[in-house]
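Take a look at the strands and how they are arranged into sheets. The report below goes through them sheet by sheet.

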Amino acid sequence: NLYISDAGLFGGTYDRELPLVECSECGPNGLTIGLYGYEDYVIMNQLALGRVIAFDPSDPENTIIVIADEYNGKDFNSPNDITVTCDGKSVYFTDPTFGLQASGDTGFLDSLDRSIQGFQGVYK
């Protein structure tokens, strides 16, 4: 199967409680499959919402499971790339500041000082 999703527009404030089907600007980014126990689910980074979710594309209710949305009590910056290990037991994802860019920025380096975590990271 091939899963493609429009990354939407960025900027402004996003509601983390908005249902997936209604979230046209939630910033879907990295997509992967194969997480142990969730083999029928797509694991997706929502860059603009700062979280990693799982959803079953065949679920008519569009139910999501939030896998991760914070570290040490702070929201993620903007999860971007994602992969599942060969054994399906771990997820790794990057958390740059791409989704924190603002009008007038000349590149993502301008958003580094807006990092929620205080750094860009790779998480397991």
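How many bridges join strand 7 to strand 8? Three bridges join strand 7 to strand 8 (residues 91-95), and the two strands run antiparallel.

## Basis

The model is predicted: local features need pLDDT of at least 70, side-chain atom pairs count only at pLDDT 80 or more, and totals for chains, interfaces and linings use all residues. Residues are numbered from 1 along each chain as its sequence is written, and side-chain values use heavy atoms, with hydrogens and water left out.

Strands are DSSP runs of E with at least two residues, numbered from the N terminus. Two strands pair if DSSP finds at least two bridges between them. Strands of a sheet pair through backbone hydrogen bonds, either parallel or antiparallel.

## The sheet of strands 7, 8 and 9

Three strands make up this open sheet, in the order 7-8-9, with antiparallel pairing. Strand 7 (82-84) and strand 9 (121-123) are at the edges; each has a single partner strand, so one side of each is left without a neighbour in the sheet. Neighbouring strands here are turned by 15° against each other on average, direction ignored. Such angles are taken between axes, which are lines fitted to C-alpha atoms, and run from 0 to 180 degrees between N-to-C directions.

Thr 83 has Tyr 92 in strand 8 as its bridge partner.

## The sheet of strands 1 to 4

Four strands form an open antiparallel sheet in the order 1-2-3-4. Strand 1 (28-32) and strand 4 (64-68) are the edge strands, and each pairs on one side only. Neighbouring strands of this sheet are turned by 30° on average, direction ignored.

Strand 2 (residues 42-46) pairs with strand 3 (residues 51-55) in the antiparallel sense, over five bridges. Met 44 has Ile 53 in strand 3 as its bridge partner.
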